[in-house]
Amino acid sequence: FAADIPYQWTDRDVAKRFGIFGPLEKVWLRKNSKTEQFTRATIVFKNPEDAELAAVVLNETEHGEFTLQVYIGEKPSIRRQQNEEREIQRQQRAQRRRYPIYTYEIPSD
């Protein structure tokens with residue numbers, strides 16, 4: 001996923017810049033709802049390692065007045081599992097706050 005891409009970039013420009021890191025499966029641009037200009041892109045690499053390399057090299061690179069932000073996305077199933085785990089942890093923390101457990105040392109004779 002790339003954000004803050006220059007407005008004048010097309011899907012071919014994005015593919016050209018990211019494609020040097022490895023073969024791509026898909027590239028598509030998304031418009032900003034307020035400006036109606038393309039400001040974000042989703043780039044799907046065939047190999048995850050290529051995506052990681054592209055993120056390391058291209059993240060926070062400047063292109064004119066834009067600073068490209070590149071993130072690695074997770075599969076929806078992984079995101080869903082992580083959300084469920086976070087929700088369980090939140091509930092556990094809330095439960096501990098409601099019923100604090102006090103411990104006392106019992107002197108030994």
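**Helix 2, its surroundings and the loops of a predicted model**

Gly22 sits in the loop that links helix 1 to strand 2 (24-31); helices (H or I, at least four residues) and strands (E, at least two) are DSSP runs, numbered from the N terminus. This is a predicted model, so local features need pLDDT of at least 70 and side-chain atom pairs count only at pLDDT 80 or more, while totals for chains, interfaces and linings use all residues. Residues are numbered from 1 along each chain as its sequence is written, and side-chain values use heavy atoms, with hydrogens and water left out.

Back to the glycine. With a relative accessibility of 14%, Gly22 counts as buried (buried means under 20% relative accessible area, exposed over 50%, partly exposed in between, with a 1.4 Å probe and protein chains only). Leaving aside neighbours within four places in sequence, Gly22 is in contact with Phe45 and Asp50, where contact means heavy atoms within 4.5 Å. Between the C-alpha atoms of Gly22 and Pro48 there are 9.5 Å, though the two are 26 residues apart along the chain.

As for the overall layout, the protein has three helices and six strands, and along the sequence they run β-α-β-β-α-β-β-β-α. Of its 109 residues, 23% are buried. Among contacts with a separation of 6 or more, 49% are between residues 24 or more positions apart. The exposed surface comes to about 8800 Å², of which carbon and sulfur atoms supply 49%; accessible areas come from the Shrake-Rupley method with a 1.4 Å probe, and for residues only the protein chains shown count as cover.

Helix 2 (residues 48-58) has two faces to look at. Its buried residues are Asp50, Ala51, Ala54, Ala55 and Leu58. They are on the same side of helix 2 because they cover an arc of only 135° around the axis, the arc being that of the directions from the helix axis to the C-beta atoms. On the other side of helix 2, Pro48, Glu49 and Val56 are exposed. Val56, with a relative accessible area of 67%, joins Leu53 and Val57 in a nonpolar surface patch of about 280 Å². (Patches are made of residues with over 30% relative accessible area and no salt bridge; like charges are joined within 9 Å, and nonpolar side chains, namely Val, Leu, Ile, Met, Phe, Trp and Tyr, within 5 Å.)

Then there is the interior. The largest nonpolar core has 16 residues, and those with the most contacts inside it are Ile5, Val14, Phe18, Ile43, Phe45 and Leu68; a nonpolar core is a set of buried Ala, Val, Leu, Ile, Met, Phe, Trp, Tyr and Cys residues joined through side-chain atoms within 4.5 Å. Two or more residues of this core come from each of helix 1 (11-19), strand 3 (38-45) and helix 2. Helix 2 gives the largest share, four residues. In soluble globular proteins, nonpolar side chains tend to be buried together.

Strand 3 also holds Thr39, which is buried at a relative accessible area of 12%. Not counting residues up to four places away in sequence, Thr39 touches Ala2, Ala3, Asp4, Ile5, Tyr7, Arg30 and Asn32. One of these, Asp4, lies in the loop between strand 1 (2-3) and helix 1 and is partly exposed at 33% relative accessibility. Asp4 has a positive phi of about 60° although it is not a glycine.

Glu60 is another non-glycine residue with a positive phi, near 65°. Most residues other than glycine have a negative phi. Glu60 follows helix 2, in the loop that leads to strand 4 (62-63), and is exposed, with a relative accessible area of 54%. Residues up to four places away aside, Glu60 touches Thr67, Leu68 and Gln69. The C-alpha atoms of Glu60 and Val70, ten residues apart along the chain, are separated by 7.4 Å.

Finally, the charged pairs. The structure holds one salt bridge, defined as a side-chain nitrogen of Lys or Arg within 4 Å of a carboxyl oxygen of Asp or Glu. Arg90 forms it with Glu87, the closest N and O atoms being 3.2 Å apart. Arg90 and Glu87 are three residues apart in helix 3 (residues 76-98), so about one helical turn separates them. Arg90 is partly exposed at a relative accessible area of 40%, and Glu87 is partly exposed at 34% relative accessibility.
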